[in-house]
Amino acid sequence: MPEACDAVVRASRLPLSIIIVGIGNADFSDMRELNGDRGMLETEEGRAVRDIVQFVPVREFKKAGPNALAKTVLAEVPKQVVEYYGSKGIPPGTQKPSSPLPQ
């Protein structure tokens, strides 16, 4: 598990989101730690610069259906994208297409 935490801390500097879907009734304590909901992940590698992990246990969505699961799994990705580009000084909506879109 320490290696996984170190990898997440290193990856937090990259344009990357990690989505972990827990299947079954296992103990997902380690996945919850990676999730970072209790604070930014810290290891010997340092402190994560942003939260890039979303963990969702499927068992919590048995009655809710696949749409609720998909919505929850993808919920943090837009924020993660904005945070990454913001850290690079690129605000949302500043990119213009280099050529006109075909009509």
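Contact here means heavy atoms within 4.5 Å. By that rule, Leu-14 touches Arg-50 and Tyr-84, with residues up to four places away in sequence not counted. The model is predicted. The protein has four helices and four strands. Its radius of gyration is 17 Å, well over the 13 Å that the globule rule gives for 103 residues, so the protein is more spread out than a compact globule.

**Overall build**

- Along the sequence, the elements follow the pattern α-β-α-β-β-β-α-α.
- The C-alpha atoms fill a box of roughly 50 × 40 × 20 Å, taken along the principal axes.
- Of the 103 residues, 26% count as buried.
- Take the contacts between residues at least 6 apart in sequence: 71% of them join residues at least 24 apart.

**Surface and charge**

- The protein exposes about 7200 Å². Carbon and sulfur atoms supply 57% of that area.
- There are 13 positive and 13 negative charges. The mean positions of the two sets are 9 Å apart.

**Helix 1 and its packing**

- Helix 1 covers residues 2-11. Its buried residues are Cys-5, Asp-6, Val-8, Val-9 and Ala-11.
- Those buried residues pack against four strands and one helix: strand 1 (18-22), strand 2 (42-43), strand 3 (46-47), strand 4 (53-57) and helix 2 (29-35).
- An α-helix has 3.6 residues a turn, so residues three or four places apart point the same way.
- Cys-5, Val-8 and Val-9 are among the buried residues of helix 1.

**Leu-14, in the loop after helix 1**

- Leu-14 is found in the loop between helix 1 and strand 1.
- Leu-14 has a relative accessible area of 45%. Buried means under 20% and exposed means over 50%, so Leu-14 counts as partly exposed.
- Leu-14 and Tyr-84 are 70 residues apart in sequence. In space, their C-alpha atoms are 7.5 Å apart.
- Tyr-84 is also one of the two residues that Leu-14 touches, Arg-50 being the other.

**Helix 4: Tyr-85 and Ser-87**

- Helix 4 spans residues 77-87. Tyr-85 lies in this helix, and Ser-87 does too.
- Tyr-85 is partly exposed, with a relative accessible area of 38%.
- From Tyr-85 to Asp-37 is 48 residues in sequence and 21 Å in space, C-alpha to C-alpha.
- Ser-87 has 52% relative accessibility and counts as exposed. The cut-off for exposed is over 50%.
- Ser-87 and Arg-50 are 37 residues apart in sequence, with 9.4 Å between their C-alpha atoms.
- Arg-50 is also a contact of Leu-14.

**Pro-92 and the annotated domain**

- Pro-92 sits in the segment after helix 4.
- Pro-92 is exposed, at 61% relative accessible area.
- Pro-92 and Glu-45 are 47 residues apart along the chain. Their C-alpha atoms are separated by 30 Å.
- An unreviewed UniProt entry places the feature "domain: Copine C-terminal" at residues 3-92.
- The end C-alpha atoms of residues 3-92 lie 33 Å apart. This span is 40% helix and 16% strand.

Key. Residues are numbered from 1 along each chain as its sequence is written. This is a predicted model: local features need pLDDT of at least 70, side-chain atom pairs count only at pLDDT 80 or more; totals for chains, interfaces and linings use all residues. Side-chain values use heavy atoms; hydrogens and water are left out. Helices (H or I, at least four residues) and strands (E, at least two) are DSSP runs, numbered from the N terminus. The radius of gyration is taken over C-alpha atoms; the globule rule is 2.2 Å times the number of residues to the power 0.38. Buried means under 20% relative accessible area, exposed over 50%, partly exposed in between (1.4 Å probe, protein chains only). Accessible areas come from the Shrake-Rupley method with a 1.4 Å probe; for residues, only the protein chains shown count as cover. Lys and Arg count as positive and Asp and Glu as negative; His and the chain ends are not counted. The place of a charge is taken as NZ of Lys, CZ of Arg, CG of Asp or CD of Glu. UniProt positions are given in the numbering used here, feature names are shortened, and annotations may be inferred rather than shown by experiment.
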